[in-house]
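Visitor: Could you take me on a close look at one part of this model? I'd like to stay with a single helix and follow what its side chains do.

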Amino acid sequence: MSDEAILGWFTGRVPDHWFDAPLQVRTDRDEVIVIGTLPVPDVGDAGESARREAEYSRIDAFREETRKKRMEIAGLAEHHFGRKVSWSARCGETHLVFTHLSAPTMTRLRMPERRVLDTLIDAGVARSRSEALQWCVKLVGRHEGAWLADLRTALEDVEAVRTRGPASDDSD
C-alpha cells in the first residue's frame with residue numbers, strides 16, 4: 001500500500017484536535033511512523049531552556065493523555081497494514097519518537113567491510129559490529145540524503161508505472 005493511502009487511513013482515524021498541522025507518515029517494510037505537530041507553548045520572554053522544557057512537556061503530556069486511543073488506532077493499523085506502528089510528535093524545535101521498532105537486519109560482510117566495523121569498535125565509536133553498522137547507515141543517510149531522496153522518488157515512479165500497466169487476462 002502506498003504512503004499516500006496509509007496517510008489517508010491515519011488522517012481519517014486520528015482525531016482532528018490532536019495536531020495543529022496535517023499528519024505525516026514514514027514507512028518501510030516493517031513499520032509505519034505517524035508524526036504529528038503539536039502547538040508550541042507560549043513561554044513569553046523565558047530563555048532557551050524554558051522553551052525546550054515546555055516543548056518536551058507538551059509532547060510528554062500529549063503522549064500520556066492519548067495513549068489509550070493511540071494504542072487502539074495502532075492495533076487496527078497493524079492488523080490492516082501488517083506493519084508495526086510507532087508514534088512521534090513535534091513541538092517547535094523538539095521532536096520525539098515514542099516507541100519504534102528496532103528490526104534486526106542480517107548481512108554478510110567480507111573481511112574489508114568487517115575491518116571497517118572493527119576499526120570503529122577499536123576506536124570507541126561503537127561497542128559492537130551491529131552498533132558500528134548502524135552508525136555507518138546513519139552517516140550515509142545524513143550525508144547522502146538528497147541522493148537517497150532522488151532514489152526513493154524514482155522507485156515511487158516505477159511503482160506508479162507498474163500499477164498502471166496492462167492487466168493480465170487469464171481467460172486464455
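Visitor: Let's start with a pair of side chains: what do the side chains of Glu72 and Lys69 meet in?

Guide: They meet in a salt bridge, at 3.3 Å from N to O. Bear in mind as we go that this is a predicted model. Glu72 and Lys69 both sit in helix α2, and because they are 3 residues apart there, about one helical turn separates them. As for how open they are to the outside, Glu72 has a relative accessible area of 44%, so it is partly exposed. Lys69 comes out at 34%, and that makes it partly exposed too.

Now slide along to the beginning of the helix, since α2 covers residues 48-81. Here Glu48 pairs up with Arg51 in another salt bridge, with 2.1 Å between the closest N and O atoms. Both partners belong to α2, and the spacing is again 3 residues, about one turn of the helix. The two ends of this bridge fall into separate accessibility classes, though. Glu48 is at 42% relative accessibility, so it counts as partly exposed. Arg51 is at 16%, and because buried means under 20%, Arg51 counts as buried.

Next, look at Glu78, which forms a salt bridge with Lys84, the closest N and O atoms lying 3.7 Å apart. Helix α2 stops at residue 81, so have a look at Lys84 on your screen when you get there. Glu78 has 25% relative accessibility and therefore counts as partly exposed. Lys84, with a relative accessible area of 43%, is partly exposed as well. Going back to Glu48 and Arg51, that pair isn't on its own: salt bridges with shared partners tie Glu48, Arg51, Arg52, Glu55 and Glu93 into one network. Over the model, the count comes to 10 salt bridges.

One more charged residue on this helix deserves a stop. Arg67 also has its place in α2. Its relative accessible area is 31%, so Arg67 is partly exposed. If you want a landmark for it, try His17: the two are 50 residues apart along the chain, and their C-alpha atoms are separated by 15 Å.

So what does α2 pack against? One partner is helix α1, residues 3-13. The axes of the two helices come within 11 Å and cross at roughly 150°. Angles over 145 degrees count as roughly antiparallel, and therefore α1 and α2 are roughly antiparallel to each other. The crossing of α1 and α2 is right-handed. On the α1 side, the residues that take part are Ile6, Trp9, Phe10 and Arg13, and they meet Ile73, Leu76, Ala77, His80 and Phe81 from α2. Sorted by class, the residues of this contact are 7 nonpolar, 1 polar and 1 charged.

For a contrast in geometry, turn to helix α3 (residues 111-122) and helix α4 (residues 129-143). Those two pack at an angle of about 100°, with 9 Å between their axes. That makes α3 roughly perpendicular to α4. Arg114, Leu117, Asp118, Leu120 and Ile121 of α3 are in contact with Arg129, Ala132, Leu133, Trp135 and Cys136 of α4. By class, this contact has 7 nonpolar and 3 charged residues, with no polar ones.

Back on α2, then, you have salt bridges such as Glu72 with Lys69 and Glu48 with Arg51, along with a contact to α1 that includes Leu76 and Phe81.

Note on methods
Residues are numbered from 1 along each chain as its sequence is written. This is a predicted model: local features need pLDDT of at least 70, side-chain atom pairs count only at pLDDT 80 or more; totals for chains, interfaces and linings use all residues. Side-chain values use heavy atoms; hydrogens and water are left out. Axes are lines fitted to C-alpha atoms, for helices over the stretch in contact, and angles run from 0 to 180 degrees between N-to-C directions. Helices (H or I, at least four residues) and strands (E, at least two) are DSSP runs, numbered from the N terminus. Angles under 35 degrees count as roughly parallel, over 145 as roughly antiparallel, 65 to 115 as roughly perpendicular and the rest as oblique. A crossing is left-handed if the near helix is turned anticlockwise from the far one by less than a right angle, and right-handed if clockwise. Contact means heavy atoms within 4.5 Å. Ala, Val, Leu, Ile, Met, Phe, Trp, Tyr, Cys and Pro count as nonpolar, Asp, Glu, Lys and Arg as charged, and the others, Gly among them, as polar. A salt bridge is a side-chain nitrogen of Lys or Arg within 4 Å of a carboxyl oxygen of Asp or Glu. Buried means under 20% relative accessible area, exposed over 50%, partly exposed in between (1.4 Å probe, protein chains only).
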